[in-house]
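Reader: I am new to this structure and would like to look closely at a single part of it, the place where two helices pack against each other. Could you take me through that part slowly and then show me how the rest of the chain is arranged around it?

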Amino acid sequence: MLILFDIDGTLLRSRGIGLRSMKEAVFAIHGVEVDPSKMDTGGRMDPHLFHELLSSHDLPSEPEHLNELSDAYVERMHHHFSRETWADALPGARTLVETVHEHDAMTASVLTGNIEQTCWLKLADAGFPQGWFEFGVFGNEGETRRDLPAVGLNRYQSTLGGQLEPHQAIIIGDTLNDVDCAKHNGCTVIAVATGKTSREELENAKPDLVLDSLEDTEAIMDWMLSR
Ligand SMILES: [Mg+2]
């Protein structure tokens, strides 16, 4: 069984340092002040956010410009995280990931819109050792989030050798995009209302389970193992 954890709003919060770093990265390259706070970021892929940020301010947004912005963004994130703690684990999240990691029948991994470099940076800052996760699936690995679960299933097979049915992959996330990408791929999905999306909105998207938090480790483990 493969458990794919979303990061922002599911495992941790990072006080807006991602958007601040994107803003600083655009300024460093183009000398233009942008306002990323107006973007809808929930469950979105970082490369899409880079594109939206540039194109909405009439800045060039060809692939080379996106790569340039991505590099500058990673540099700003390293700068900030080397000076201060920004990411806080959400209640129960560390215990749940560690418990999944230690369980013989389960594999812990991440499925996130973050690019790889900033994913591990945020997780380490919030107290999640990278070693708890067998692998990750990142925001630059598909056109939309719907492409990511299949990458996760393939990566499970190539790194661990076994084949999984899609429903044996459980996606845990806080946005409608997490629920959508799971259902589109036939995966199981747990929605947790610790991000910006309300419990009611999540319930309307019909995930397999809706939670207010990840705090009840035992109940969540029992539910997942019964699937
Ligand atoms: Mg999220």
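Author: Let us begin with helix α3, residues 63-83, and helix α5, whose axes come within 10 Å of each other and cross at roughly 15°. This is a predicted model, and every value given here is computed from it. Angles under 35 degrees count as roughly parallel, and α3 and α5 are therefore roughly parallel to each other. The crossing of these two helices, α3 and α5, is left-handed. On the α3 side the contact is made by V74, M77, H78 and F81, while α5 brings Q117, T118, L121 and D125 to meet them. Sorted by class, the residues where α3 touches α5 comprise four that are nonpolar, three that are polar and one that is charged.

To place this pair in the chain, it helps to turn to the domains. The domain assignment divides the protein chain into domain 1, which covers 2-14 + 88-225, and domain 2, which covers 17-83. Taken over C-alpha atoms, the centres of domain 1 and domain 2 are separated by 24 Å. The contact between them draws 19 residues from domain 1 and 13 residues from domain 2. On the side of domain 1 that touches domain 2, the elements giving two or more residues are α5 (116-125) and α7 (176-184), and of these α5 gives the most, with four residues. That side of domain 1 has, by class, three nonpolar residues, twelve polar residues and four charged residues.

Helix α3 also has another packing partner, helix α1, which spans residues 17-30; α1 and α3 pack at an angle of about 125°, with their axes 8 Å apart. An angle of this kind falls outside the ranges for roughly parallel, roughly antiparallel and roughly perpendicular, and α1 and α3 are therefore oblique to each other. Here α1 passes α3 in a right-handed crossing, whereas the crossing of α3 and α5 is left-handed. From α1, the residues I17, S21, M22, E24, A25, V26, A28 and I29 take part in the contact, and from α3 they are joined by E68, L69, A72, Y73, R76, M77 and H80. These residues of the contact of α1 with α3 divide into ten nonpolar, two polar and three charged. M77 of α3 is named in this contact with α1, and M77 is likewise named in the contact of α3 with α5.

A further helix pair is made by α4, residues 93-102, and α9, residues 217-225, whose axes come within 10 Å and cross at roughly 40°. That crossing angle makes α4 oblique to α9. In passing α9, helix α4 makes a right-handed crossing. The residues that meet are T95, L96 and T99 in α4 and T217, I220 and M221 in α9, and by class this contact of α4 with α9 has three nonpolar residues, three polar residues and no charged residues.

The last part to consider is the sheet, an open one formed by six strands in the order β5-β4-β1-β6-β7-β8, with parallel pairing. Its edge strands are β5 (135-137) and β8 (209-211), each of which pairs on one side only, and from one strand to the next the twist averages 25°. Within this order, strand β1, residues 2-5, pairs with strand β6, residues 169-173, in the parallel sense over four bridges. As one detail of that pairing, L2 has A169 in β6 as its bridge partner.

How values were computed. Residues numbered from 1 in each chain as written. Predicted model: local features only at pLDDT ≥ 70, side-chain atom pairs only at ≥ 80, totals over all residues. Axes fitted to C-alpha atoms, helices over the stretch in contact; angles between N-to-C directions. Parallel < 35°, antiparallel > 145°, perpendicular 65-115°, else oblique. Left-handed = near helix turned anticlockwise from the far one by under 90°. Contact = placed C-beta atoms within 7 Å. Nonpolar A, V, L, I, M, F, W, Y, C, P; charged D, E, K, R; others polar. Domains from an automatic or database assignment. Pairing = 2+ DSSP bridges.
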